[in-house]
Amino acid sequence: MKALRNYLDKIKPAFEEGGKLAMFQSVFEGVETFLFVPNTTSKTGVHIHDSIDSKRTMTMVIIALVPALLFGMHNVGYQHYLAIGTDPGFLMTFIFGFLAVLPKLIVSYAVGLGIEFAVAQVKKEEIQEGFLVSGILIPMIIPVDTPLWMIAIATAFAVIFAKEVFGGTGYNVFNVALVTRAFLFFAYPAAMSGDQVWVRTSDTFGIGAGTVVDSFSGATPLGQISVAGKEMIGNFQTVDILQQPIGLWDMFIGLIPGSIGETSVLAILLGAAFLILTRVASWKIIVSVFVGGAAMTAIFNLIGTTVAMTVSLLEQLFLGGFAFGAVFMATDPVTGARTETGKYIYGLLIGALAIIIRVLNPGYPEGMMLAILLMNVFAPLIDYYVVESNINRRLKRAMK
């Protein structure tokens, strides 16, 4: 590392003002700060000095996402080989999923970081680290067979229109990864509605054995629930791609069809524990989302006029992107509520809205994405009224 540090110091003058490569100063600075922590500190004024910066915060989130990402890669291979009726073993199953997911990660980062580097270069500003997390989130919340060109277009749209036009990292109103998902949902609804099985059914890499399925149709658990008739109330059972019943344990572990990183509640909770212990994410938002979802599920269970209304509490919380959204999306410090009381309100409303959308809108059985994006809009309003309430309460106390 010392040799690398010395090399960067040696070539740095060429990228500074007046140097031959001064036009690429932002690019060099971005690479340097990615590899090393800046050693410059403020000399005057009142500042808080600690080791936490945006790069470290983003790194913590990426570490927390690793369990869900790795499991998602394995599940991609597992669902594929389950569909074609073979079992090549754990290693080959994981390799298949890894090779299926890797191109999506590469495209997401290449497009997103490429735009951020270009914008920083034009504006002659530092490159922000915000997309380090968005770049890994985007492939984790989409179907595994989403075309790469589609991912590239959606990522570019989200970075430009949901982030850069607002001023870049820290100024965006909406979660960038969810805007990418929303763009895909509205532009290509047939592929992103959340009701079709998301299973990679073609062995593009030639590493598997057995018959390859060219096409495979079916419905995800949430899709099955959304189209079930009233006559099935009381005896409805979700099934996997082989028409075998899906139990709560399968839902918790995550060996079911779904978005790449959203199926395993266990892996997601491991990431949640890490984020809470490192104080990167707010446990108040996470817990509130689950409480809001559970409360709304209980209300619908009491009504029980459709199959969707009778889905059990644990099934609602385990299926789809509910847990993933609660842990990694709702807790975004930029687009979420920032006051302590506001975090409870924000989380409760997200959880409740997600279940309402799932149950009452058969055309979109997922719900979590729209709930979070809607609450992104209202987060500043929630904080405003929380602050106003605190001010009024203190004024009343001071007047006594």
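This report looks at a nonpolar surface patch and an internal cavity in a predicted model.

## The patch on the outside

Start at the surface, where eight side chains come together as a nonpolar patch: I276, W283, V287, V291, Y344, I345, L348 and L349. Taken together they offer about 640 Å² of accessible area.

Two helices, α12 (283-303) and α16 (340-360), each put in at least two of the patch residues. The top contributor is α16, with 4 residues. One of the patch members, Y344, sits in helix α16. How open is Y344? Its relative accessible area is 35%, so it counts as partly exposed, and that clears the cut-off of over 30% used for patch residues.

## The space on the inside

Now for the interior. Rolling a probe the size of a water molecule over the atoms is a way to see where empty space remains. Searching the whole structure turns up 4 cavities of 30 Å³ or more. The second largest cavity holds about 70 Å³ of space.

## What lines that cavity

Around the second largest cavity you'll find L178, R181, E262, G321, F324, G325, M329, E366, M368, M369 and I372. Three helices each supply at least two residues of this lining: α7 (176-187), α15 (322-329) and α17 (368-399).

What is the mix of nonpolar, polar and charged residues in the lining of the second largest cavity? It splits into 6 nonpolar, 2 polar and 3 charged. If you're browsing the model, R181, E262 and E366 are among the lining residues to pick out, as are the glycines G321 and G325.

Note on methods: Residues numbered from 1 in each chain as written. Predicted model: local features only at pLDDT ≥ 70, side-chain atom pairs only at ≥ 80, totals over all residues. Heavy atoms only, no water. Patch = residues over 30% accessible without salt bridge, like charges linked within 9 Å, V, L, I, M, F, W, Y side chains within 5 Å. Areas by Shrake-Rupley, 256 points an atom, 1.4 Å probe, with all protein chains shown as cover. Salt bridge = Lys/Arg side-chain N within 4 Å of Asp/Glu carboxyl O. Buried < 20%, exposed > 50% of the residue type's maximum accessible area, 1.4 Å probe, protein only. 1 Å grid on protein atoms, 1.4 Å probe; cavity = no way out; pocket = protein on both sides within 12 Å on 5 of 7 lines; lining within 4 Å. Points joined across faces, edges and corners; volume = space filled by probe spheres on them. Nonpolar A, V, L, I, M, F, W, Y, C, P; charged D, E, K, R; others polar.
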